[in-house]
Amino acid sequence: MKIATELGQRIRKYRKGKGLTQEELSSKCNLHPTYIGQIERGEKNPSIESVYKICKALELKTAVLFEKIDDFATDAEETTVPLKAYAIIEKMSFEDQKAMLTIVENAASLNK
């Protein structure tokens, strides 16, 4: 996955989490709504200034937006799928992580 795509997906996630439309976000950060859409779809690489404006409008630290983004900066799906699964699982409680491990182990044993 390209970094621009991952960044756009993250921006969309935080925007929707705030209950904002693309138009509302664009108004808050003084960027065109079409540009916000292009960023969210990974079609445009936003400038540092644009990222700063978006983060400020979302009340989000830029460091949070870029956290572990280099883990996803590859086009090889076989690399990104495990990394995405890891990112989800690491946020779970320890007990939920153990349960998820059991599920994965059971699913893996079915494919033998």
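Accessible areas here come from the Shrake-Rupley method with a 1.4 Å probe; for residues, only the protein chains shown count as cover. The model is predicted: local features need pLDDT of at least 70, side-chain atom pairs count only at pLDDT 80 or more, and totals for chains, interfaces and linings use all residues. Residues are numbered from 1 along each chain as its sequence is written, and side-chain values use heavy atoms, without hydrogens or water.

**Exercise 1. Describe the surface and the burial of the chain.**

Step 1. Take the accessible surface: about 7,600 Å². Carbon and sulfur atoms hold 56% of that surface.

Step 2. Apply the burial cut-off: buried means under 20% relative accessible area (1.4 Å probe, protein chains only). Of the 112 residues in the chain, 29% are buried.

**Exercise 2. Find which face of helix α3 is buried, and what packs there.**

Step 1. Assign the elements. Helices are DSSP runs (H or I, at least four residues) and strands are E runs of at least two, numbered from the N terminus. The chain has seven helices and zero strands.

Step 2. Locate α3 at residues 33-40. Its buried residues are Ile36, Gly37, Ile39 and Glu40.

Step 3. Look down the axis of α3. The buried residues fall within an arc of 160° (directions from the helix axis to the C-beta atoms), so they line one face of the helix.

Step 4. Recall the geometry. An α-helix has 3.6 residues a turn, so residues three or four places apart point the same way.

Step 5. List the partners. The buried residues of α3 pack against α1 (3-17), α2 (22-29) and α4 (48-57).

Step 6. Check the exit. Gly42, just after α3, has a positive phi of about 80°.

Note on methods. Buried < 20%, exposed > 50% of the residue type's maximum accessible area, 1.4 Å probe, protein only. Contact = heavy atoms within 4.5 Å.
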